[in-house]
Every structure is written in structure tokens, then in C-alpha cells.
Amino acid sequence: MATKMAKAWSRLGFGPKAAGVVIAAACVLPIGAGTALAAEPPAAGDTVVHPDARTPADQKRIEGYWTTEKMASVTQPGVPEPVKDNADRLPDQDRTKPTDGAVWGNGPIKSVGRLFFTSLLVDPWGGKHPLDRSCTATVVSDPENPSKHTVVTAGHCVVSHPYSKDGQPGHPDRSRPEWDTNLYFVPGYRDGAKPQGGFTVNTTLASRAYVEGGDTGADVAMLAMNPSTDGQQIAQVTGAQKIAFETARHEGQFTYGFGYTSEGGEDRRPWTTGQLLGFCAGPATRSTRPQTDPAQWGMACTMGKGSSGGPHLVDFDPATGTGTVVGVTSQGGQGANGESIQASAVFTGTTRQLYELARQQEQ
């Protein structure tokens, strides 16, 4: 058994002497880490509140860490040079019709961006390996209780379970979570550019069900962002998507999903390099596999690693790039007809609590 474990980890480049190796990878599974939970403040109800870059020194360090080159490197190893934006050369497409994957070429959506972070992989020999990763996130504001600085993403983009339950890679120990570090959000990210600048995170909030058990039915997190270097709150710079809670998810509801897929691919599809915003659109369907409680929902989609945390929007207007966020990508799933879907946890009362607590963190 020990030999099999060693070989499995060796194939990933890890061994007894591999501790300290820094790896760049794209986010798709909840494996990664930062600060141990034992040092965290008490949770509020069903949520856990984690302080991030609270000091000017921490904010400056994170801004310096995410150079243009480092952000560009957060793509699955071995992928060719990123494909440049060819959205203008893509065939004209009716953005109101279903699509399972394409570059969003209708102009920038300022409130959606790439969330960069560093997670941790712990191998069976005690080696700890930092991994630079990325997900997708969105600036949101509830019209009933508006916020100027709240961002929503997936829970597995901010807290991870890096320890192996049985020494095998891909078998995380859900009882040993840690927080990811170096969180940095770039709204409107495109070909390495930061058109609205970058923002560090002041406070991270995730559901207790996900933090303490990796429950994919609760795979949602809220971020309270620090102001920009010139003192502006993020929503003042980017605008915000509406957010709705405890929304009924009816079969056939037309939904848009957005994400920065950063896994590359042999066909070099331009929305798989992390450099461009991709999208899917179509009627929502219940995920039949994996099965979660409550059930996850999504639209037919081919986006993968890096699109985690991307928004699922209804009542979306392609002309203005605005709609209402009713979910965020958690994992790939399977629809009723066997199609691959981009699955989202359903927003619940706990999601509302996360939002309200984040909104109260305003600086």
C-alpha cells in the first residue's frame, strides 16, 4: 500500500524531498490552504468569518506578489502560450440562444473577474507545497440591502482541505480545512490586463457546512474587499450584479454562466487559457450526478478548471452585461439527458447570512 501511495504522489512530482516546491495550477477541486482554522475567531451561526489582508503591509505584499507574469502563469502546466483575444473574429452569435462554451465578445463585464490565490497541498511525508491558482468571482449587491464591496465566489476557492485521508492524492480529509492565502481579485481581467485595477480581501466568509465538512451543497463564499489604493470601494469602480437568495430553481429557466477557464486544452480554445472571459447559456437543469442535498442546478457547459465561483445569472441582458446572480459554479455535473453541466449550489438562507455579514464589514 505504501509503495502504491508513493508512486501515486511521485507521478504528481511529490516525494519525501519535495517539500517547498512552488507549483502553478488552476482551481477546480477543493484542495489548498493557508492559515490553520484553529487560530480563527468564533463563527457566527452557520458561517465562519476569516480575516484576510487587514493591514496596509499585507495589502501591499499581495499586490506585489501578483505580477502580470505570475497571473499569466496560473494555467495548467504544459499549456502552450495563451491564445490572444480572437473574439472579434468569431462568427456573429445571437447571445440569447443556448451555447455550451464561447468567448464573451459583447464587451467587458466589469463586475466579473479572476480571483487569484495560493493554496496548499500536503503530501504524506509532511511536505507542504504552495500552489498558485485562480477561480472566478463577481461583485454583487442586494437591492434591498446594498453593498459597495461584496464579492461572491465558491467556497472551495477560499478554504480548502489539503490533507489526504488515506495518503492517496484526490482523497482529501474533509475534517482538516485550511484557508487559502494571497487572495487578489481582478475585475474585468483580460489578456493579463487589469482594466479596473486589483483588489485585496479584507474578510472572507464561508458556510460552516463547507468549511468543516466540504459540503458541496454549501459551496459558496463571500468576500469583503478592501478599497482601491485611491480609496474607492469596488462597486464604485465596477458596478455590481444583483443577487437573489432562496430563489426557486425551475426547470428550463434561461441562465447565463461566466468563468475564466484556465486549463488550456489541445484544441487551444480561446476561453480555456484563463486570459478571456468565457460563457455558457441555456435552460437550467437539475444535476443528476453528483447528487447533493439540496440539488445543484446548471446549464449545459464545457468550461472547466478556473471557472469555479463564476456567476450564474438570470434575467441577464447581454447588451448591458447585467442580471441577477442566483448561484456560482461549484463543480461539473450531469443533466437529465446526460449532458455535461456547470453545476451551482442553490443559494439558501445561509448564503443570505454570509452576504449580510460581509456587507457589515465595510471599511
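**Briefing: a strand pair, two cavities and Ala209**

In strand E14, Ala281 is the bridge partner of Thr99. The model is predicted. Thr99 belongs to strand E3, which covers residues 99–103. The points below take the strands, then the cavities, then a residue in helix H4.

**Strands E3 and E14**
- E3 and E14 run antiparallel and are joined by 3 bridges.
- E14 spans residues 278–283.
- Of the 5 residues in E3, 4 are buried, and the strand is mostly covered.
- In a regular strand, side chains point alternately to one face of the sheet and the other.

**Cavities**
- The model has 2 cavities of 30 Å³ or more.
- The largest cavity holds about 70 Å³ of space.
- Its lining includes Trp104, Gly107, Pro108, Ile109 and Val112.
- Gly188, Tyr189, Arg190, Tyr260 and Leu277 also line the largest cavity.
- By residue class, the lining of the largest cavity is made up of 7 nonpolar, 2 polar and 1 charged.

**Ala209 in helix H4**
- Helix H4 runs over residues 208–213 and contains Ala209.
- Ala209 has a relative accessible area of 37%, so Ala209 counts as partly exposed, between the limits of 20% for buried and 50% for exposed.
- Beyond its neighbours within four places in sequence, Ala209 is in contact with Gly214, Asp215 and Ala218.
- Ala209 and Val48 lie 161 residues apart in sequence, and their C-alpha atoms are 9.4 Å apart in space.

Conventions:
Residues are numbered from 1 along each chain as its sequence is written. This is a predicted model: local features need pLDDT of at least 70, side-chain atom pairs count only at pLDDT 80 or more; totals for chains, interfaces and linings use all residues. Side-chain values use heavy atoms; hydrogens and water are left out. On a 1 Å grid over the protein atoms alone, a cavity is a set of points where a 1.4 Å probe fits but cannot get out, and a pocket is an open set with protein on both sides within 12 Å along at least five of seven lines; lining residues have an atom within 4 Å of a point. Grid points are joined across faces, edges and corners, and a volume is the space filled by probe spheres set on the points. Ala, Val, Leu, Ile, Met, Phe, Trp, Tyr, Cys and Pro count as nonpolar, Asp, Glu, Lys and Arg as charged, and the others, Gly among them, as polar. Buried means under 20% relative accessible area, exposed over 50%, partly exposed in between (1.4 Å probe, protein chains only). Two strands pair if DSSP finds at least two bridges between them. Contact means heavy atoms within 4.5 Å.
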